[in-house]
Amino acid sequence: MNLQTLPGEPWSDYGLIDSGHGRKLERYGRYRFIRPEPQAMWAPAQDDWQADGEFIPGSDEEGGGRWFYERPVPAEGWPLHWQEVTFQASCTPFRHLGFFPDMAPVWDWMRGRIADKDQAQVMNLFGYTGVGTLAMAAAGAQMVHVDASKKSVAQARANAALSGLEDRPVRWIVDDAAKFVAREVRRGRRYDGILLDPPKYGRGPDGEVWRLEEDLPGLIAHCRQLLDADSRFLFLTVYAVRMSALAIGELLRQAFADLPGTVEAGELAVREEARGLMLPTAIWARWSR
């Protein structure tokens, strides 16, 4: 299986300005932030980074830390735009800013897969704040958005209103993703596309425990049952660094062996504006036809 890189290019409201020495400097609209980035092992293009805020990691291994600000940044967030979608960015306690900009090439790719499909049925599992859901809804898809966090789903609905997309056909579901998919299989449902971005570890609304290495194969098997020979895609992203793109690619190849189409795998990356180099962010695998 040949591995591919999906590069995230800068756009008007986001860019990776510079990176190096274990950090990255990014622009989010009118604000600039510095965040830890272990994979930026090289030297930065410039040493004198100017930013509105910086996330300083804690000493624990669970990803703790806090934001420090050089200039005022709205605690309630500020609006950003990606094509037709408007959404709220904010400095979260988890070091990111309420969305994942490296997913932009995935949103573009999925929109291309359903461009000729009227009212495509698409599910976004672990949908978070809904930028991917709204990117697909704006392209005409009928969406099912699933996340275990009531707060995240509320933010996704608020982003739909910001985008003027609140009337689009989206089912907003607060539920454990694995349980919801299992019920959809029992209901005999089918989809044209599925996007899933599972965390390494998580808990459902009723205390369900999700462990990526243990639970991903079963979830993929259930997702396969929701797709058929007329479906268009399944796209899986994984941010757990101990996994390999080859491993998740083989998982999908076996799960989709009975369907026509192609299985591919590779890395997500963001292109740095200073030098054009590629900063890897995650691994992915996809089935498509």
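The following exercises, each with a worked solution, concern a predicted model.

Residues are numbered from 1 along each chain as its sequence is written, and side-chain values use heavy atoms, with hydrogens and water left out. Local features need pLDDT of at least 70 and side-chain atom pairs count only at pLDDT 80 or more, whereas totals for chains, interfaces and linings use all residues.

**Exercise 1. Characterise the open sheet of 5 strands and its edges.**

Solution. Strands (E, at least two residues) and helices (H or I, at least four residues) are DSSP runs, numbered from the N terminus. Two strands pair if DSSP finds at least two bridges between them.
Step 1: the order is 2-3-4-5-6, and the pairing is mixed.
Step 2: strand 2 (14-20) and strand 6 (65-69) each have a single partner strand, so one side of each lacks a neighbour in the sheet.
Step 3: from one strand to the next the twist averages 20 degrees; axes are lines fitted to C-alpha atoms, for helices over the stretch in contact, and angles run from 0 to 180 degrees between N-to-C directions.
Step 4: strand 5 (residues 53-57) runs antiparallel to strand 6 and is joined to strand 6 by 5 bridges. One such pairing puts G53 opposite its bridge partner Y69 in strand 6.

**Exercise 2. Determine which residues of helix 6 are buried and what they pack against.**

Solution. Buried means under 20% relative accessible area, exposed over 50%, and partly exposed in between (1.4 Å probe, protein chains only).
Step 1: the buried residues in helix 6 are A245, I248, G249 and L252.
Step 2: these residues lie on the same side of helix 6, because they cover an arc of only 105 degrees around the axis. The arc is that of the directions from the helix axis to the C-beta atoms.
Step 3: contact means heavy atoms within 4.5 Å. The buried residues of helix 6 pack against strand 1 (3-8), helix 5, strand 15, strand 16 and strand 17 (278-288).

**Exercise 3. Analyse the salt bridges E84–R111, D175–R183 and D258–R224.**

Solution. A salt bridge is a side-chain nitrogen of Lys or Arg within 4 Å of a carboxyl oxygen of Asp or Glu. The count by this rule is 20 salt bridges.
Step 1: E84 and R111 meet at 3.0 Å, N to O. This pair links distant parts of the chain, 27 residues apart: E84 is in the loop between strand 7 (78-82) and strand 8 (85-89), and R111 is in helix 1 (residues 104-113). E84 is partly exposed at 39%, while R111 is buried at 13%.
Step 2: the closest N and O atoms of D175 and R183 are 2.0 Å apart. D175 is buried at 11%, and R183 is partly exposed at 26%.
Step 3: D258 and R224 meet at 2.6 Å, N to O. They are 34 residues apart, with D258 in the loop between helix 6 (245-255) and strand 16 (262-271) and R224 in helix 5. D258 is exposed at 55%, whereas R224 is buried at 15%.
Step 4: salt bridges that share partners also join K117, R190, D192 and D228 into one network.

**Exercise 4. Describe the surroundings of R232.**

Solution.
Step 1: R232 occupies the loop between helix 5 (212-225) and strand 15 (233-238).
Step 2: its relative accessibility of 14% is why R232 counts as buried.
Step 3: apart from neighbours within four places in sequence, R232 is in contact with R113, I114, D116, K117, D192, W287, S288 and R289.
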